[in-house]
Amino acid sequence: MCAKEMDETVSEFFRRTILKIPLTEMMTILKTWNFLSENQLQTVNFRQRKESLVQDLVLLCEENRASLNDAALLDIIYTQFHRHQKVWDVFQMSKGPGEDTDLFDMEQFKSSFKKILKRALKNALTIASKHHQIVKMDLRSRYLDSLKAIVFKQYNQTFETHNSTTPLQERSLGLDINSMCVLR
């Protein structure tokens with residue numbers, strides 16, 4: 001950033017993300033983030049009121065000229081620490097008739113997704129993943145690992161979804177493990 005102070009939007013994003021972090025996990029998450037130096041972290045009084053602590057941390061981020069990417073990384077780390085407290089959705093992606101099925105390349109997906117998202121937000125996930133259609137599946141959970149296990153058929157038993165009495169195996173969805181995407 002060119003200006004000495006962070007953009008107000010970035011500061012607010014940092015403030016909200018830091019406020020979400022429980023005090024008992026604050027140091028662990030900040031060290032994992034590795035944006036603030038050990039010396040900077042030692043200058044912070046972690047025993048003060050949370051609002052004051054958040055303000056001190058946001059000021060340190062400003063001093064280090066933190067960007068929106070840095071704020072997003074902190075949020076991702078927080079989400080990883082609390083992945084069992086989020087509700088995750090599963091989507092089945094399918095290609096159009098006659099299109100070849102190929103292996104999913106995550107790096108290519110990220111690159112394509114960023115470019116397309118900048119051009120237009122509408123329908124960006126469908127285009128970026130090179131799939132004809134993306135349909136939200138009837139799976140929802142706070143436990144990402146369980147969702148992945150269900151989707152990739154690691155368990156050999158029937159599962160019921162949150163709003164259906166028909167077991168997943170009886171619905172014959174024809175799931176293809178190469179065409180699954182789990183989003184928060």
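# Close-up views of a predicted model

Buried residues account for 34% of the 184 residues in the protein. The model shown in these views is predicted.

**Figure 1. The protein is built from eight helices and three strands.** Read from the N terminus, the elements follow the order α-α-α-α-α-β-α-α-β-α-β. Of the contacts between residues at least 6 apart in sequence, 72% join residues at least 24 apart. The exposed surface is about 12300 Å², and carbon and sulfur atoms supply 49% of it.

**Figure 2. The largest nonpolar core contains 23 residues.** Within this core, F14, W33, L57 and L74 touch the most other members. Helices α1 (8–20), α2 (23–33), α4 (50–63) and α5 (68–81) each supply at least two residues of the core. Helix α4 gives the largest share, with six residues. Another core, of eight residues, lies apart from this one; W88, L139, L144 and L147 are among its members. In soluble globular proteins, nonpolar side chains tend to be buried together.

**Figure 3. F14 and W33 form a tilted aromatic pair.** A search of the whole structure finds two aromatic pairs. In the pair of F14 and W33, the ring centres are 5.8 Å apart and the planes stand at 55°, so the pair counts as tilted. F14 belongs to helix α1 and W33 to helix α2, so the pair ties together parts that are 19 residues apart in sequence. Both F14 and W33 are buried. Together with F35, F14 and W33 make up one aromatic cluster.

**Figure 4. The surroundings of W33 include residues F14 and C61.** Leaving out residues up to four places away in sequence, W33 touches F14, C61, D70, L73, L74 and I77. Of these neighbours, D70, L74 and I77 are among the buried residues of α5. L74 and F14 are also, like W33, among the residues that touch the most other members of the largest nonpolar core.

**Figure 5. T17 is a buried residue of helix α1.** The relative accessible area of T17 is 2%, which is why T17 counts as buried. With residues up to four places away in sequence not counted, T17 touches L74 and D75. Both L74 and D75 appear among the buried residues of α5.

**Figure 6. Helix α5 has 14 residues.** From its first C-alpha to its last, α5 reaches 20 Å, close to the 20 Å expected at 1.5 Å a residue. The buried residues of α5 are D70, A71, L74, D75, I77, Y78 and T79. Their cover includes α1, α2 and β1 (88–94). At the start of α5, a side-chain oxygen of S67 comes to within 3.3 Å of the backbone nitrogen of N69.

**Figure 7. L144 is located in helix α8 (residues 144–151).** L144 has a relative accessibility of 13% and therefore counts as buried. The C-alpha atoms of L144 and Q85 are 9.5 Å apart in space, while the two residues are 59 residues apart in sequence. L144 is one of the members of the core of eight residues, which also includes W88, L139 and L147.

Notes. Residues are numbered from 1 along each chain as its sequence is written. This is a predicted model: local features need pLDDT of at least 70, side-chain atom pairs count only at pLDDT 80 or more; totals for chains, interfaces and linings use all residues. Side-chain values use heavy atoms; hydrogens and water are left out. Helices (H or I, at least four residues) and strands (E, at least two) are DSSP runs, numbered from the N terminus. Buried means under 20% relative accessible area, exposed over 50%, partly exposed in between (1.4 Å probe, protein chains only). Contact means heavy atoms within 4.5 Å. Accessible areas come from the Shrake-Rupley method with a 1.4 Å probe; for residues, only the protein chains shown count as cover. A nonpolar core is a set of buried Ala, Val, Leu, Ile, Met, Phe, Trp, Tyr and Cys residues joined through side-chain atoms within 4.5 Å. Rings of Phe, Tyr and Trp (its six-membered ring) pair if their centres lie within 6.5 Å; planes under 30 degrees apart count as stacked, over 60 as edge-to-face and the rest as tilted. The expected span of a helix is 1.5 Å times one less than its number of residues. A polar contact is a pair of N or O atoms within 3.5 Å; within protein, one must be able to donate a hydrogen and the other to accept it, and residues adjacent in sequence count only if both atoms are side-chain atoms.
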